[in-house]
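Me: I'm new to this one and would like a close look at a single part of it. Could you take me through the place where the two halves of the chain meet?

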Amino acid sequence: MHHASIIGTGSYVPERILTNHHLREMVDTSDKWIIERTGIRERRIASGEETNVTMGRIALERAIENSGIRCEEIEFLVVGTNTTEPVWPSASGHIANLLGLRKDLPFLDVQAGCTGFNYALSVAEMSIKAEQYRTVAVIGTDKLSAITDYQDRNTCVLFGDGAGALILRQSMNEGIIRSHLGGNAKARDLLILSKKDGTGNGYIKMEGRKVYTFAKRAMVESCFRVLDPSGTAGKNELRALFEQVTKIIPHQANARIIMGAAEELESRLELPAGEAKNKMIMTIEQYGNNSCASIPLALDLSLRTGKLRKGDLVIFVGFGAGLTYAANLVRL
Ligand code: ACO
């Protein structure tokens, strides 16, 4: 059977930095509260001209360059995103056109909140395993600043903008080993876009506490399901599988959610304290939650700085509006 392997990555973040000190001048908050409750110090904010499309395009250009392929080799483009304005035509269509990809290229957007990248990666991987395509581009890109209410301290301290991309290619070697996609449509009202003035998409509104509780549980479940899809492994077997994992790239929503999920993994698998925590790759301090970009951005930065290397076994795991959650187990 053919596998789908990652052969190149790229990312982009806007230049403008919004620090906790800037936010203190906008809403009733403090640097101390934001760091203690979220782990975020600063986030990147797109300029007026920058969009999910322009950021995604740059990230993909960098992934193409990094993989050493030509644009024409890409046969399918899948983009995880939530912030295309207007929603038609899709971000993937705009990006395909801007980059001059093949004229008959199929492309699609996957809209699944911050889980969009993990879902998109799974769609792309399936298309390769089904031998439909050989080379597929996947992007996660979002401009959450466009849908953030900068008068709402419950949300505006969390979000930022950015994009990440990768190229998947048919291979005889292991690549995306397994995906787990989850959802809880009953809880869809916990994280919504709500129109304040009747125009545009509206702003993010969420029940932070409830999303927090869901997120921790969903990330742990997805990590287990991706290691043990049938759910039949005993504790020792599951622990042995988990110990083979080099690193975990979690969606960067809140450092406390990530560390909480790690503690839960340690307790359920009876691991020494710190073992799961040390596997967590963190970029949240500098970039906040940039939705679909957070995992591919962290992947690209980690590969470029040597934190991750070819051959490592990695879990990408996240959650988001919908509510949705997902994980991918990947051999780099
Ligand atoms: N500065 C100071 N105080 C604040 C701030 C702020 N920025 N925000 C909230 N508070 C206050 C609240 O008003 C509350 O005050 P009160 O007790 O007087 O009512 C107090 O702090 C505690 O509020 P909680 O909501 O209980 O704080 P919590 O510790 O849960 O942290 C947070 C809030 C950071 C939002 C957390 O719940 C969280 O991260 N939730 C998950 C959110 C998330 O990840 N969403 C994204 C999903 S991904 C996607 O698809 C976009």
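How many residues of domain 1 are in contact with domain 2, and how many of domain 2 with domain 1?

Reply: Happy to. Keep in mind that this is a predicted model, and let's start with your count. On the domain 1 side 54 residues are in contact with the partner, and on the domain 2 side there are 47. To find your way around, domain 1 covers 3–173 and domain 2 covers 177–331. Their centres, taken over C-alpha atoms, sit 16 Å apart.

Now for the area. The size of an interface is often given as the accessible area lost when the parts come together. Here domain 1 and domain 2 bury about 3,800 Å² between them, and 55% of that is on carbon and sulfur atoms. On the domain 1 side, C114, N118 and I147 lose the most area to domain 2, together 16% of what that side buries.

What about contacts between polar groups? Between domain 1 and domain 2 there are 23 residue pairs in polar contact, counting pairs with both residues at pLDDT 80 or more. The elements giving two or more residues to the domain 1 side include strand 1 (3–12), helix 2 (31–38), helix 3 (52–67) and strand 7 (161–171). Helix 5 gives the most to that side, with 8 residues. Sorted by kind, the domain 1 side has 16 nonpolar, 24 polar and 14 charged residues.

Charged partners turn up too: the interface of domain 1 and domain 2 has 3 salt bridges. If you'd like a salt bridge to zoom in on, try K205 and D149, where the closest N and O atoms are 3.9 Å apart. That pair counts because the cut-off for such a nitrogen and oxygen is within 4 Å.

While you're in that stretch of the chain, have a look at A146. You'll find A146 in the loop between strand 6 (135–143) and helix 6 (153–156). A146 has a relative accessibility of 48%, so it counts as partly exposed. Try comparing its position with E174: these residues are 28 apart along the chain, and their C-alpha atoms are separated by 38 Å.

Before you leave, there are some backbone details to look for elsewhere in the chain. Most residues other than glycine have a negative phi, and most peptide bonds are trans. With that in mind, go to the loop between strand 4 (76–80) and helix 4 (91–99), where P86 is found. The peptide bond joining E85 and P86 is cis, with omega at about -10°. P89 is also in the loop between strand 4 and helix 4, and a cis peptide bond joins W88 to P89, again with omega about -10°.

For positive phi, look at E270 and S291. E270 has a phi near 50° without being a glycine, and its place is the loop between helix 9 (255–269) and helix 10 (284–287). S291, likewise not a glycine, has a positive phi of about 55° and belongs to the loop between helix 10 and helix 11 (294–304). Their surroundings are worth checking as well: E270 has a relative accessible area of 52%, so it is exposed, whereas S291, at 2% relative accessibility, counts as buried.

Key:
Residues numbered from 1 in each chain as written. Predicted model: local features only at pLDDT ≥ 70, side-chain atom pairs only at ≥ 80, totals over all residues. Heavy atoms only, no water. Helix = DSSP H or I, 4+ residues; strand = E, 2+ residues; numbered from the N terminus. Buried < 20%, exposed > 50% of the residue type's maximum accessible area, 1.4 Å probe, protein only. Domains from an automatic or database assignment. Contact = heavy atoms within 4.5 Å. Buried area = accessible area lost by both parts, 1.4 Å probe. Salt bridge = Lys/Arg side-chain N within 4 Å of Asp/Glu carboxyl O. Polar contact = N/O pair within 3.5 Å; in protein donor to acceptor, adjacent residues only side chain to side chain. Nonpolar A, V, L, I, M, F, W, Y, C, P; charged D, E, K, R; others polar.
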